[in-house]
Amino acid sequence: MASLTISPENQKKVKALGFLANKGTDNFSGRIITVNGKITAAQNKCISEAAELFGNGTVTFTSRLTIECPGIPYDKIEDFRSYLAKEGLQTGGTGSKVRPVVSCKGTTCQYGLIDTFDLSEKIHEKFFNGYSNVKLPHKFKIGVGGCPNNCMKPSLNDLGIVGQKIPNYDSELCNGCRVCGVENICAVHAAKVTDGILTIDEEICNNCGRCVGACHFDAIPDGQVGYKVYIGGRWGKLVNHGIPLNKIFTSEEEVMDIIEKTILFFREQGETGERLSQTIERIGFENVESQLLSKDLLERKEEIINADLHLVGGATC
């Protein structure tokens with residue numbers, strides 16, 4: 001029994017607001033939404049004060065970069081929410097819908113290939129906020145990683161984005177150096193000098209961008225920034241590694257469209273209670289990919305959103 005005296009109906013009501021019962025008590029943990037792990041110093045202070053005033057004085061962090069304050073009595077939940085609202089903070093992040101977006105620190109990290117903060121904030125606004133009332137078969141998690149180091153494990157999200165830098169290699173400028181700066185820096189051994197010429201195996205190359213500028217004769221002076229998108233990842237009792245779409249996207253607009261089409265696809269063709277990985281397995285990856293790379297889902301957006309689907313979602317937390 002999660003709570004001692006609070007009715008299941010009331011527990012369900014406050015769970016929708018982001019309050020999860022602390023087992024064996026009548027207290028709750030209030031889940032506070034961050035914009036992909038970022039809060040201001042003033043918000044940080046407000047959360048600390050709220051934890052002391054209404055909770056047990058501790059603050060915890062979730063795997064999706066939200067913040068929880070445990071030990072909040074049921075009758076103090078609205079006071080807690082009102083106190084947070086002074087600094088523009090909200091509770092939530094539960095249910096069968098788009099969940100808070102997770103981003104790595106690629107904007108400031110030396111290895112970051114894309115502005116992860118900027119992109120993830122746009123995703124947060126358009127899909128976490130904009131789709132907050134759209135019911136899905138189950139939870140839908142989005143992760144944004146700045147490079148193939150994959151620190152925040154994008155491929156274990158329902159949809160994961162990985163920053164790319166595709167090397168622009170001009171073989172005419174290669175001198176076949178005995179000690180090749182590009183070959184030496186390539187962590188995945190995709191670049192090799194063979195018969196006096198550098199070759200880059202595109203099947204092995206993960207577009208980490210480390211080779212850009214490494215050639216002493218400027219054979220790789222720059223690279224094309226891109227986005228690799230994985231679909232169908234999950235982590236938990238059942239684990240599934242996401243499958244990459246067979247295209248490197250080169251604009252944020254394309255990425256935003258793919259996210260939206262994936263959510264629309266999941267809402268329309270997912271069965272209530274299944275995660276995206278299960279929908280893909282049931283329908284087939286090639287079928288799903290062809291739908292995501294076409295325009296049909298976006299053209300039917302209003303029809304899909306307004307459909308009477310998933311009235312009782314599959315997510316339990």
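Contact here means heavy atoms within 4.5 Å. On that basis, V134 touches S96, K97, R267 and I305, once residues up to four places away in sequence are set aside. This is a predicted model, and V134 makes a handy way into it. The residue sits in the loop between helix 4 and strand 6, yet it counts as buried, because its relative accessibility is 11% and the cut-off for buried is under 20%. V134 also brings distant parts of the sequence into view: its C-alpha atom is 10.0 Å from that of I304, though the two positions lie 170 residues apart along the chain.

Stepping back to the whole chain, the secondary structure adds up to ten helices and eleven strands. The C-alpha atoms fill a box of roughly 75 × 45 × 30 Å along the principal axes. Of the 317 residues, 45% are buried. Among contacts with a separation of 6 or more, 67% join residues 24 or more positions apart.

In soluble globular proteins, nonpolar side chains tend to be buried together. In this model, the largest nonpolar core takes in 34 residues, and the ones with the most contacts inside it are I123, F140, L159, I161, I231 and I259. Two or more residues each come from helix 4 (116-129), strand 6 (142-145), strand 7 (159-167), strand 10 (223-231), helix 6 (252-269), helix 7 (276-283) and helix 8 (285-292). Helix 6 is the top contributor, giving eight residues. Apart from this core lies another one, made of 18 residues, with V14, F19, A51 and C69 among them.

L159 shows what the surroundings look like from inside the largest core. Leaving out neighbours within four places in sequence, L159 is in contact with F140, K141, I142, G143 and P154, with V229, Y230 and I231, and with I258, I259 and T262.

Helix 6 also packs against helix 7, with the axes 11 Å apart and at an angle of about 70 degrees. Helix 6 is therefore roughly perpendicular to helix 7, since angles of 65 to 115 degrees fall in that class. On the helix 6 side the contact is made by T262, F265, F266 and Q269, and on the helix 7 side by L276, T279, R282 and I283. Sorted by class, the contact between these helices has four nonpolar residues, three polar ones and one charged one.

Next along the chain, helix 8 has F285, V288, E289, Q291 and L292 as its buried residues. Viewed down the axis of helix 8, these buried residues fall within an arc of 160 degrees, so they line one face of the helix. Their cover includes strand 10, strand 11 (243-244), helix 6, helix 7 and helix 9 (296-299).

Two loop residues deserve a look for their backbone. Most residues other than glycine have a negative phi. N150, however, has a positive phi near 55 degrees without being a glycine. N150 is placed in the loop between strand 6 and strand 7, and with a relative accessibility of 32% it counts as partly exposed. H189 is likewise not a glycine and has a positive phi, of about 60 degrees. Its loop runs between helix 5 (181-185) and strand 8 (191-194). H189 counts as exposed, because its relative accessible area is 52% and the cut-off for exposed is over 50%.

Definitions and conventions:
Residues are numbered from 1 along each chain as its sequence is written. This is a predicted model: local features need pLDDT of at least 70, side-chain atom pairs count only at pLDDT 80 or more; totals for chains, interfaces and linings use all residues. Side-chain values use heavy atoms; hydrogens and water are left out. A nonpolar core is a set of buried Ala, Val, Leu, Ile, Met, Phe, Trp, Tyr and Cys residues joined through side-chain atoms within 4.5 Å. Buried means under 20% relative accessible area, exposed over 50%, partly exposed in between (1.4 Å probe, protein chains only). Helices (H or I, at least four residues) and strands (E, at least two) are DSSP runs, numbered from the N terminus. Axes are lines fitted to C-alpha atoms, for helices over the stretch in contact, and angles run from 0 to 180 degrees between N-to-C directions. Angles under 35 degrees count as roughly parallel, over 145 as roughly antiparallel, 65 to 115 as roughly perpendicular and the rest as oblique. Ala, Val, Leu, Ile, Met, Phe, Trp, Tyr, Cys and Pro count as nonpolar, Asp, Glu, Lys and Arg as charged, and the others, Gly among them, as polar. The arc is that of the directions from the helix axis to the C-beta atoms.
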